[in-house]
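Subject: Handing over a structure

Dear colleague,

I am passing on a structure for you to look through at your own pace. Please open it first, and then read the notes that follow beside it.

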Amino acid sequence: MGTVAFERRGGLVFVPVAIRFPDGHVSEFEFVLDTGTAVTMLERRLALRAGCLPGAAVRRSRVSSILGTETGYVVRVPEVAAVGVVRCDLAIACHRIDPQAAGHGLLGADFFAGLRLVIDYGTGTVELTQSLP
């Protein structure tokens with residue numbers, strides 16, 4: 001588990017995220033930490049550039065946001081790493097995301113499942129540890 005410094009912009013908490021894509025390459029991004037989002041999301045244009053094409057989708061998805069309701073798709077990636085945690089074989093949704101508001105994507109509740117998340121605004125850090133029994 002780990003602790004990382006976060007950047008706060010417009011009231012949002014941004015953390016670095018690394019994704020290993022199916023072809024083996026790794027890209028680094030800035031995601032908004034968003035426990036209110038059920039599934040981790042990557043901005044669709046970035047997903048397409050990384051080779052996550054709609055034809056490889058495991059399912060379609062719909063989201064409602066400030067941009068309206070839209071259809072996207074879900075792909076599985078070998079690894080998503082953030083805050084000292086690596087999740088393997090994670091399903092990520094690929095949707096249009098306003099980069100001004102949400103950076104490259106949203107780190108959702110699926111990533112934090114079973115972990116203890118501490119956002120310390122005083123120190124500007126995010127910490128992930130094992131949940132307490």
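What pattern does the chain follow when it is read along the sequence? The order is β-β-β-β-β-α-β-β-β-α-β-α-β-β, which comes from a chain with three helices and 11 strands. Please keep in mind throughout that this is a predicted model.

I began with the overall form. The C-alpha trace spans about 40 × 30 × 25 Å along its principal axes. A compact globule of 133 residues would have a radius of gyration near 14 Å, and because the chain itself has 14 Å, the two agree. Of the 133 residues, 41% count as buried, and the chain exposes about 6900 Å², with carbon and sulfur atoms supplying 53% of that area. If you take the contacts between residues at least 6 apart in sequence, 56% of them join residues at least 24 apart.

Next come the strands, where β8 (residues 85–95) is a useful place to start. Strand β7, which covers residues 68–82, pairs with β8 in the antiparallel sense over nine bridges, and within this pairing V75 stands opposite I92. On the other hand, β5 (residues 41–43) runs parallel to β8 and is joined to it by three bridges, with M41 standing opposite A93.

A further group of strands forms an open sheet of three, in the order β1-β11-β10, with antiparallel pairing. Why is one side of β1 and of β10 left without a neighbour in the sheet? Both β1 (2–5) and β10 (115–120) stand at the edges and each has a single partner strand, so one side of each stays free of a neighbour there. From one strand to the next, the twist averages 15 degrees. Six bridges join β10 to β11 (residues 125–130), and R116 stands opposite T129 in that pairing.

I then looked at the interior. The largest nonpolar core has 30 residues, of which I19, L42 and F111 touch the most other members. Two or more residues of this core come from each of β3 (12–20), β4 (26–33), α1 (44–49), β7, β8, α3 (109–112) and β11, and β7 gives the most, with five residues. Leaving out residues up to four places away in sequence, F111 touches T40, V80, A81, A82, V85, R87, L90 and L128. There is also a second, separate core of 10 residues, which includes F14, V32, A102 and L106.

Two backbone positions deserve a careful look. Most residues other than glycine have a negative phi. V83, however, has a positive phi of about 50 degrees although it is not a glycine, and V83 sits in the turn of the hairpin that β7 and β8 form with two residues between them. D89 likewise has a positive phi of about 50 degrees without being a glycine, but D89 lies in strand β8 itself. Are these two residues buried or exposed, or something in between? V83 counts as buried because its relative accessibility is 2%, which is under the 20% cut-off, whereas D89 has a relative accessible area of 44% and is therefore partly exposed.

With best wishes

Conventions
Residues numbered from 1 in each chain as written. Predicted model: local features only at pLDDT ≥ 70, side-chain atom pairs only at ≥ 80, totals over all residues. Heavy atoms only, no water. Pairing = 2+ DSSP bridges. Helix = DSSP H or I, 4+ residues; strand = E, 2+ residues; numbered from the N terminus. Axes fitted to C-alpha atoms, helices over the stretch in contact; angles between N-to-C directions. Rg over C-alpha atoms; globule rule 2.2 N^0.38 Å. Buried < 20%, exposed > 50% of the residue type's maximum accessible area, 1.4 Å probe, protein only. Contact = heavy atoms within 4.5 Å. Areas by Shrake-Rupley, 256 points an atom, 1.4 Å probe, with all protein chains shown as cover. Core = buried A, V, L, I, M, F, W, Y, C linked by side-chain atoms within 4.5 Å.
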